[in-house]
Amino acid sequence: MQNTGGPLPESLLINRRDLDFQLFEVLQAEALAQRPRHADHSRETFTAALDTAHTIAEEKFAPHNRASDEHEPTFENGRVRMIPEVREALDAFCAAGLLAPTKDYEQGGMQLPVVVAQACSALFKSANGATTSYVGLTLGNANVIERFGSEAQKAKYLAALLSGRFFGTMALTEPQAGSSLSDLTTSATPQPDGTYRIKGSKIFISGGDHELRENIVHLVLARIPGAPPGVKGISLFTVPKFRVNADSSLGPRNDVTLAGLIHKAGWRGTTSTLLSFGDQDDCEGELVGQPHQGLACMFHMMNEARIGVGMGAVMYGYRGYLASLQYARERLQGRPPAAKDPLQPQVPLVAHADVRRMLLAQKAYVEGAFALGLYAARLVDEQRTSTSEAARAEAGLLLDLLTPIVKSWPAQWCLEANSLAIQIHGGYGYTREYPVEQFWRDNRLNMIHEGTHGIQALDLLGRKAVMQQGAAIALFGRTLQATVEQARARPALAPHAEALQAAWGEVLATLAVLTPLLRSDGDRALANASVFLEAFGHTVLAWTWLRQAVVADGALAQAATPQDADFYRGKLQACRWFFHWELPRTAPQHALLRSLDDSTLAMQDAWF
């Protein structure tokens, strides 16, 4: 088919112009090179890292995305089998040093800012999220050991994990408990030599068994005998597939058994496992951190994972958007409503208003969520490397507040973008001839793992919005207000500024009703927390779009090329659409929340 529209992005993994815009124009990542930790870097080295990631993602990860979906791992004679391209891609990834890009040089890292590393990671998630998940889990595992492990544990595991010699997992969920971590029953019995005997089962453990690397290090939540009930009695343990000697060499096989593989709708290239620990009463584990502090340790990994899940959801949506944009420009079908002559030539799909509506919605969802994910990564940089103690504290507070949105908003709305991509393809989109159906299946998991929408909503409304007497909400309000003031100074954006301020007023009014109720009737206050999550999330996304629009409006007059001018106009139009069609959803949601309607609570099981 012939491309009848404007220029396509140079890659279907991402619009690289958008990535550069977010990093260097909105987030000013280049300024991070002025900080001592990143003093060896510059925009040129940041770009070189991105170019390397882009090349490996395109050449090694993207080509087997469909193959790993069609030929998912199998369990044969007690071993996991998978297509060889997965190992080849991960070998290239680790050889390039991409597993530990933010780590110290002495650890084999590059000392890149987190925001640049997150942008590199996004390219791999777009190319092949299933294969990328192995290294994402490994880095999270290493970060926990680095922060909470003993010196002996660091010596045994860190270098092996950060080099990609070992891979890692986190093993939380149990068959009988699901998301309810307080009901975990896996036990850890202390031994005279200081180790523990682990016994229990874990389910839905991504990367839980494979032969991609010589060892797998599981981080396992379990209870020591006599531990307090509930989450306060959970401890964390390293439980390797093969025991590890003090010099990091491998010892004998540990008593960790693959009980079976779980077959999923999407993410089929990642092994999802049911693991048994201690079937022979000989599963050795080592305590990480202090007894009964396991959940606090694991949440260090989970919070990172939630940002990663959010960005993964963004990139599935982004990939579907670019695929449907290409299809809409190339596919000739139908004629405009005013064209009555059936002999007139057909027009490309993008010429139809309803198709442009769906493309514009996708653009608003994925580019807005991409901006939010990178902003969260930039907050991590502020938290770690800012020279101001106050700035570090504020960055941490904002990150705590926004993490439920960073995880859940893309999981909901970038999935909607995937649905729209299928719709634009029509019947073809529902076939396996085109990739958009796989993007939807793969993205559907992101609404569930690392904390469902309901869990994120309870966290946002029940904890984050009220922590430190509402300090995080007040801080975000000031941050939002600064963008409003910038936008007010630009006539084209002034109406959006007023709309965003009004939407923020609705958030505060709802919190004024629900916050006191949390103390007197928590069940009622939290019954519709998911609606608050959605309304708050839409307000945050409107803010990300207004931030982008302020930059684009200022740059448009100085655009160096017609293509640059079109790019900035596209940003302004997507912002306009979001403010006209999406942000207005929130006012009725807030009105319902403040009405304290008890339809949900009053419903009884027998009535379903």
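This presentation describes selected helices and loop residues of the structure shown above, which is a predicted model.

Allow me to begin with helix H1, which spans residues 16-26. Of its 11 residues, 8 are buried, so H1 is largely enclosed by the rest of the structure. The buried residues are Arg16, Asp18, Leu19, Phe21, Gln22, Leu23, Phe24 and Val26. Which elements cover them? Among them are helix H2 (43-61), helix H5 (114-148), helix H7 (294-330), H8, helix H15 (529-556) and helix H16 (562-582).

The two ends of H1 also deserve a word. At the N-terminal end, Asn15 acts as a cap, with a side-chain oxygen 3.0 Å from the backbone nitrogen of Arg17. After H1 comes Gln28, whose phi is positive, near 50°. For context, most residues other than glycine have a negative phi.

I turn next to the loop between H1 and H2, where His38 is found. Is His38 buried or exposed? Its relative accessible area is 1%, and His38 is therefore buried. Setting aside neighbours within four places in sequence, His38 is in contact with Leu32, Ala33, Gln111, Leu112, Pro113, Asp381 and Thr385.

One of those partners, Gln111, belongs to the loop between H4 and H5. Gln111 is not a glycine, yet its phi is positive, at about 55°. With a relative accessibility of 10%, Gln111 counts as buried, because the cut-off for that class is under 20%.

A second loop residue may be set beside Gln111. Asp281 lies in the loop between strand E11 (272-277) and strand E12 (284-288). Asp281 likewise has a positive phi, near 60°, and is a residue other than glycine. Its relative accessibility is 55%, so Asp281 counts as exposed.

Let us now consider two helix pairs. The first is H2 with helix H4, the latter covering residues 84-95. Their axes come within 9 Å and cross at roughly 165°. Angles over 145 degrees count as roughly antiparallel, and H2 and H4 are therefore roughly antiparallel to each other. Their crossing is right-handed. From H2, the contact is made by Ile56, Lys60 and Phe61, and from H4 by Ala89, Leu90, Ala92 and Phe93. By class, these residues comprise 6 nonpolar, no polar and 1 charged.

The second pair is helix H8 (residues 353-385) with helix H9 (residues 389-425). Here the axes come within 8 Å, and the crossing angle is roughly 155°. H8 and H9 are therefore also roughly antiparallel to each other. H8 passes H9 in a left-handed crossing. The contact of H8 with H9 has 27 nonpolar, 5 polar and 3 charged residues.

Finally, I come to the loop between H7 and H8, which holds Gly334. How far is the C-alpha atom of Gly334 from that of Val347? The two residues are 13 apart along the chain, and their C-alpha atoms are separated by 6.1 Å. Leaving out residues up to four places away in sequence, Gly334 touches Gln346, Val347 and His352. Gly334 has 23% relative accessibility and so counts as partly exposed.

To recapitulate, H1 is largely enclosed by the rest of the structure. H2 and H4 are roughly antiparallel, as are H8 and H9. Among the loop residues, His38 is buried, Gly334 is partly exposed and Asp281 is exposed.

Technical notes:
Residues are numbered from 1 along each chain as its sequence is written. This is a predicted model: local features need pLDDT of at least 70, side-chain atom pairs count only at pLDDT 80 or more; totals for chains, interfaces and linings use all residues. Side-chain values use heavy atoms; hydrogens and water are left out. Axes are lines fitted to C-alpha atoms, for helices over the stretch in contact, and angles run from 0 to 180 degrees between N-to-C directions. Helices (H or I, at least four residues) and strands (E, at least two) are DSSP runs, numbered from the N terminus. Angles under 35 degrees count as roughly parallel, over 145 as roughly antiparallel, 65 to 115 as roughly perpendicular and the rest as oblique. A crossing is left-handed if the near helix is turned anticlockwise from the far one by less than a right angle, and right-handed if clockwise. Ala, Val, Leu, Ile, Met, Phe, Trp, Tyr, Cys and Pro count as nonpolar, Asp, Glu, Lys and Arg as charged, and the others, Gly among them, as polar. Buried means under 20% relative accessible area, exposed over 50%, partly exposed in between (1.4 Å probe, protein chains only). Contact means heavy atoms within 4.5 Å. A polar contact is a pair of N or O atoms within 3.5 Å; within protein, one must be able to donate a hydrogen and the other to accept it, and residues adjacent in sequence count only if both atoms are side-chain atoms.
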